[in-house]
Amino acid sequence: MQISEPSPCIGVCILDPEWGQVCVGCHRFLIEINNWQYYSNEEKKQINKRIQDLRDEDVEDYPDYR
C-alpha cells in the first residue's frame, strides 16, 4: 500500500487579499486546494516541492526595484 503524500495545510486558511488565489498559510493556489483529493501522489509531491522551494527562498536574495 502506498502512503499518501501529506497536505501542506497548516490550518491558517486565508486567501491572499490582493489576488484571492493563494493561501497565505500553505502557499497553495485555490485550484490546488480544491483539487487536492483528486491529485495523484506524484502531482502532490510536485506541489509540495514548489511550496518547500518557496519557503526556502531567502528574501535577501530578492532584487530591490525601488
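Which residues does Asn48 touch, not counting residues up to four places away in sequence? In this predicted model, Asn48 touches Glu5, Pro6, Pro8 and Trp36 under that restriction. The surroundings of Asn48 and of Trp36 are described below, after an account of the chain as a whole.

The secondary structure of the protein chain consists of two helices, with zero strands. The radius of gyration is 14 Å, well over the 11 Å that the globule rule gives for 66 residues, and the chain is therefore more spread out than a compact globule. The C-alpha trace spans about 50 × 25 × 15 Å along its principal axes. Buried positions make up 21% of the 66 residues. When contacts between residues at least 6 apart in sequence are considered, 36% of them join residues at least 24 apart.

The protein chain exposes about 5,400 Å², and 55% of this area is supplied by carbon and sulfur atoms. With respect to charge, the chain carries 13 negative and 7 positive side chains. The centres of these two sets lie 7 Å apart.

Trp36 is placed in the loop between α1 (30–35) and α2. Its relative accessible area is 9%, and because buried means under 20%, Trp36 is classed as buried. Leaving aside neighbours within four places in sequence, Trp36 is in contact with Glu5, Pro6, Ser7 and Pro8, and also with Arg28, Lys44, Ile47 and Asn48. The C-alpha atoms of Trp36 and Ile47, eleven residues apart along the chain, are separated by 9.7 Å.

The structure holds one aromatic pair. This pair is formed by Trp36 and Tyr39 in an edge-to-face arrangement, with 6.4 Å centre to centre and 85° between the planes.

Asn48 belongs to helix α2, which comprises residues 41–56. Its relative accessibility is 14%, and Asn48 accordingly counts as buried. The contact between Asn48 and Trp36 joins helix α2 to the loop that holds Trp36. Glu5, Pro6 and Pro8 are touched by Asn48, and these three residues are also among the contacts of Trp36. Arg28, a further contact of Trp36, lies 20 residues from Asn48 along the chain, and the C-alpha atoms of Asn48 and Arg28 are separated by 8.8 Å.

Key
Residues are numbered from 1 along each chain as its sequence is written. This is a predicted model: local features need pLDDT of at least 70, side-chain atom pairs count only at pLDDT 80 or more; totals for chains, interfaces and linings use all residues. Side-chain values use heavy atoms; hydrogens and water are left out. Helices (H or I, at least four residues) and strands (E, at least two) are DSSP runs, numbered from the N terminus. The radius of gyration is taken over C-alpha atoms; the globule rule is 2.2 Å times the number of residues to the power 0.38. Buried means under 20% relative accessible area, exposed over 50%, partly exposed in between (1.4 Å probe, protein chains only). Contact means heavy atoms within 4.5 Å. Accessible areas come from the Shrake-Rupley method with a 1.4 Å probe; for residues, only the protein chains shown count as cover. Lys and Arg count as positive and Asp and Glu as negative; His and the chain ends are not counted. The place of a charge is taken as NZ of Lys, CZ of Arg, CG of Asp or CD of Glu. Rings of Phe, Tyr and Trp (its six-membered ring) pair if their centres lie within 6.5 Å; planes under 30 degrees apart count as stacked, over 60 as edge-to-face and the rest as tilted.
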